[in-house]
Amino acid sequence: MLFADDILLVDKTREGVEGKLELWMSTLEFKGFRLSRSKTKYMECNFSSNRSSEGIVTLGDQVINKSTHFRYLESIVQSDSEINGDIISRIQVGWLKWRNVSGLLCDRKVPLKLKGKFYKIW
């Protein structure tokens, strides 16, 4: 069985999103792919205070879970238009990379020439 991952559907109304979701599901299944109903989530971006955020999105008879953030290509998009989650994630990744290489770069036994080559490719 084949699986598709990270599909973005955009519409101004919930009904439009549900219609597109049903169309995607039937098209994917026709082509041999399968849409996981238990892992499917939706995110509503309500950047304007004029719109209400009530209601639910369904796929057939199953209710789709709502998410407040979405990770795509190492960036985090949040439903409230904030960028704090993305900034924190990028800082954590940077520190993780530093911890991975600091043992080599800070070791006095490693020759400077080797450190320089490693630094240039990193």
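**Close-up 1. S89 sits in helix 2.** Helices (H or I, at least four residues) and strands (E, at least two) are DSSP runs, numbered from the N terminus. This is a predicted model, so local features need pLDDT of at least 70 and side-chain atom pairs count only at pLDDT 80 or more, while totals for chains, interfaces and linings use all residues. Residues are numbered from 1 along each chain as its sequence is written, and side-chain values use heavy atoms, with hydrogens and water left out. S89 counts as buried because its relative accessible area is 8%; buried means under 20%, exposed over 50%, and partly exposed in between (1.4 Å probe, protein chains only). Setting aside residues up to four places away in sequence, S89 touches R71 and I76, where a contact means heavy atoms within 4.5 Å.

**Close-up 2. Helix 2 runs from residue 84 to 105 and bends on the way.** There are 22 residues in helix 2, and from the first C-alpha to the last it reaches 30 Å, close to the 32 Å expected at 1.5 Å a residue. That expected span is 1.5 Å times one less than the number of residues. Look for the bend of about 30 degrees at R99; the bend is the angle between axes fitted to the seven residues ending there and the seven starting there. The buried residues of helix 2 are D86, S89, V101, S102 and L105. What do these buried residues pack against? Their partners are strand 7 (69–72), strand 8 (75–78) and helix 3 (112–121).

**Close-up 3. Strand 7 and strand 8 form a hairpin with two residues between the strands.** The two strands pair in the antiparallel sense over four bridges; pairing takes at least two DSSP bridges between the strands. H69 has Q78 of strand 8 as its bridge partner, and R71 is bridged to I76 of strand 8. Those last two names should ring a bell: R71 and I76 are the residues that S89 touches. In the hairpin, L73 takes a positive phi near 50 degrees. Which residues of strand 8 are covered, and which are uncovered? I76 and Q78 make up the covered face, while S75 and V77 make up the uncovered one. In a regular strand, side chains alternate between the two faces of the sheet.

**Close-up 4. V101 of helix 2 and F118 of helix 3 are in contact.** V101 lies in helix 2 and, at 7% relative accessibility, counts as buried. F118 belongs to helix 3 and, at 23% relative accessibility, is partly exposed. The two are 17 residues apart along the chain, and their C-alpha atoms are separated by 9.2 Å. Besides V101, F118 touches L104 and L105, again not counting residues up to four places away in sequence.

**Close-up 5. The largest nonpolar core has seven residues.** They are L21, M25, L35, Y42, V57, L59 and I64. A nonpolar core is a set of buried Ala, Val, Leu, Ile, Met, Phe, Trp, Tyr and Cys residues joined through side-chain atoms within 4.5 Å. L21 is in contact with L9, L35, L59 and I64, once its neighbours within four places in sequence are left aside.

**Close-up 6. R37 is found in the loop between strand 2 (33–34) and strand 3 (41–42).** Is R37 buried or partly exposed? At 30% relative accessibility, R37 counts as partly exposed. R37 is in contact with M25, L59 and Q62, leaving aside its neighbours within four places in sequence. L59 is 22 residues away along the chain, yet its C-alpha atom and that of R37 are separated by 7.6 Å.

**Overview. The protein chain has three helices and eight strands.** From the N terminus on, the elements go β-α-β-β-β-β-β-β-β-α-α. Of the 122 residues, 20% count as buried. Among contacts with a separation of 6 or more, residues 24 or more positions apart account for 46%.
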